[in-house]
Amino acid sequence: IVGAMSSGITVPIVESVTAPNEIVQISQSATTPVLTDIEDDGYFYRTVPSDALQGVVAGDLAADQGYDKISIIYVNNDYGQGLNDAVIKQFEKRGGEVTASIAFEPNKVSYRSELMDAASENPDALLLIAYTDDGGITIIRQALENGYFDEFIFTDGLKAPEITEGVEQYLEGMRGTAPTSMPGGKGPELFTELYEEEFGEIPPKPYIDTSFDATFVLALAIEKAGSTEGPAIRDAIGEILAEDGMVVNINEWNKAKELIAAGEKIRYEGASGPVLFNEVGDSMGAIGIWKIEDGDIVNESVEVQ
């Protein structure tokens with residue numbers, strides 16, 4: 001299975017469906033640290049880094065922006081809670097103070113009470129952990145309209161052009177974090193080139209590349225196993241991928257088949273960068289810092305953790 005898209009859905013699927021039934025599952029976007037320690041018997045992987053990494057970078061970003069005090073509003077699920085905890089730990093480690101940490105329920109008409117509480121101690125900025133379709137955009141709009149906040153830091157669920165629509169001038173220069181490509185290899189550039197040839201300009205949203213990679217890795221494992229049985233696929237993932245393996249790019253499926261047939265290990269240079277898993281199936285990845293510039297989202301830098 002490729003998916004699920006969110007941490008809150010992925011965790012119960014791993015616990016109740018895929019792991020008990022020996023089904024390999026690779027999520028392209030479930031980032032909660034909960035999944036690092038989940039009992040999955042080796043059947044769960046993810047092609048995106050844990051929020052334990054993103055939280056460190058987001059906490060550092062807040063400190064590097066010169067904020068002494070921040071408030072956090074986060075969506076009330078595994079994704080939000082895990083990232084919130086990681087940010088607090090890192091920001092406080094850097095000497096900052098988190099004046100409020102407030103969970104919100106999705107898709108409410110008004111978030112003014114949450115915003116009022118978050119702003120009560122006059123923090124320097126709001127760090128918002130949300131998605132575009134769960135109330136995140138509403139929180140941004142109401143924060144601006146009512147003067148609660150004019151400085152923000154965003155996380156990966158808000159890396160989308162729609163967050164700036166109609167408020168571009170107020171969000172100019174605001175930054176956020178999101179999992180991104182590991183340095184090395186030409187996979188990301190090649191993926192962008194091939195995508196744009198087929199579909200036009202690639203949208204500035206996360207997890208398109210990691211979705212491709214999750215599918216490619218499953219295909220490699222099935223080819224290696226010579227089977228679509230879960231235990232065989234699980235074992236093959238560990239057997240086929242290696243940092244010192246023969247390089248295979250995203251458009252070299254026939255080369256991959258030849259290497260597998262010859263018993264060679266593969267270094268898959270994926271759309272999101274080199275795809276490597278640690279012993280618990282977590283992706284060894286990087287976190288990017290993005291910025292709103294002239295109403296557009298632009299990638300600014302990459303932090304490897």
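1. Before anything else, a cut-off: a residue is called buried when its relative accessible area is under 20%, exposed when over 50%, and partly exposed in between. Glutamate 114 has a relative accessible area of 9%, so this residue counts as buried. Keep in mind throughout that we're looking at a predicted model.

2. Staying with that glutamate: Glu114 forms a salt bridge with Lys108, and the closest N and O atoms are 2.7 Å apart. The lysine end sits differently with respect to solvent, since Lys108 comes out at 33% relative accessibility and is therefore partly exposed. In general, side chains of opposite charge can pair when their charged atoms come close.

3. On to the other salt bridges; the count comes to eleven. One of them ties Arg234 to Asp41, with 3.5 Å between the closest N and O atoms. This pair links distant parts of the chain: Arg234 belongs to helix H9 (residues 230-240), while Asp41 is in the loop between S1 and strand S2 (44-46), and the two are 193 residues apart. Asp41 is exposed, at 57% relative accessibility.

4. Another bridge to look at is Lys291 with Glu293, where the N to O distance is 4.0 Å. Worth knowing if you plan to filter on distance: the rule asks for a nitrogen within 4 Å of a carboxyl oxygen. Glu293 is partly exposed, with 36% relative accessibility. There is also a network, in which salt bridges with shared partners join Asp41, Arg234 and Asp235.

5. Now the nonpolar interior. The largest core has 49 residues, and the ones with the most contacts inside it are Ile70, Ile72, Ile73, Phe152, Phe154 and Leu171. A second core, separate from that one, has 27 residues, including Phe191, Phe216, Leu218 and Ala256. As background, nonpolar side chains in soluble globular proteins tend to be buried together.

6. What does leucine 171 touch, leaving aside its neighbours within four places in sequence? The contacts are Ile140, Leu144, Phe152, Phe154, Ile163, Thr164 and Ile292. Two of these partners, Phe152 and Phe154, also appear among the residues with the most contacts inside the largest core.

7. Aromatics next: there are eleven aromatic pairs. Phe104 and Tyr111 have ring centres 5.3 Å apart and planes at 80 degrees, so that pair is edge-to-face. Both Phe104 and Tyr111 are buried. Tyr195 and Phe199 make a tilted pair, because their planes are at 50 degrees, with the centres 5.1 Å apart.

8. The tilted pair is local in sequence: Tyr195 and Phe199 are both in helix H7 (residues 187-199), four residues apart, or about one turn of the helix. Phe199 is exposed, at 61% relative accessibility. Ring pairs also link Tyr195 and Phe199 into a cluster with Phe191, Phe212, Phe216, Trp253 and Tyr268. Two members of that cluster, Phe191 and Phe216, turn up in the second core as well.

9. Toward the N-terminal end, there's a backbone point to check. The peptide bond joining Gly3 and Ala4 is cis, with omega about 0 degrees. Ala4 is in the segment before H1. For context, most residues other than glycine have a negative phi, and most peptide bonds are trans.

10. Two residues carry a positive phi without being glycine. Glu22 has a phi of about 55 degrees, and Tyr207 has one near 80 degrees. Glu22 is in the loop between H1 and S1 and is partly exposed at 40% relative accessibility. Tyr207 lies in the loop between H7 and helix H8 (208-225), and with a relative accessible area of 11% it is buried.

11. Buried or exposed: which is serine 7? Ser7 is buried, with a relative accessible area of 1%. Its place is in helix H1 (residues 7-18). Setting aside neighbours within four places in sequence, Ser7 is in contact with Ala30, Thr31, Thr32, Asp78, Tyr79 and Tyr131.

12. Last, the surface. Ile1, Val17 and Ile23 form a nonpolar patch, with about 220 Å² of accessible area together. Ile23 sits in the loop between H1 and strand S1 (25-27), and at 31% relative accessibility it counts as partly exposed.

Technical notes: Residues are numbered from 1 along each chain as its sequence is written. This is a predicted model: local features need pLDDT of at least 70, side-chain atom pairs count only at pLDDT 80 or more; totals for chains, interfaces and linings use all residues. Side-chain values use heavy atoms; hydrogens and water are left out. A nonpolar core is a set of buried Ala, Val, Leu, Ile, Met, Phe, Trp, Tyr and Cys residues joined through side-chain atoms within 4.5 Å. Buried means under 20% relative accessible area, exposed over 50%, partly exposed in between (1.4 Å probe, protein chains only). Contact means heavy atoms within 4.5 Å. Patches are made of residues with over 30% relative accessible area and no salt bridge: like charges are joined within 9 Å, nonpolar side chains (Val, Leu, Ile, Met, Phe, Trp, Tyr) within 5 Å. Accessible areas come from the Shrake-Rupley method with a 1.4 Å probe; for residues, only the protein chains shown count as cover. A salt bridge is a side-chain nitrogen of Lys or Arg within 4 Å of a carboxyl oxygen of Asp or Glu. Rings of Phe, Tyr and Trp (its six-membered ring) pair if their centres lie within 6.5 Å; planes under 30 degrees apart count as stacked, over 60 as edge-to-face and the rest as tilted.
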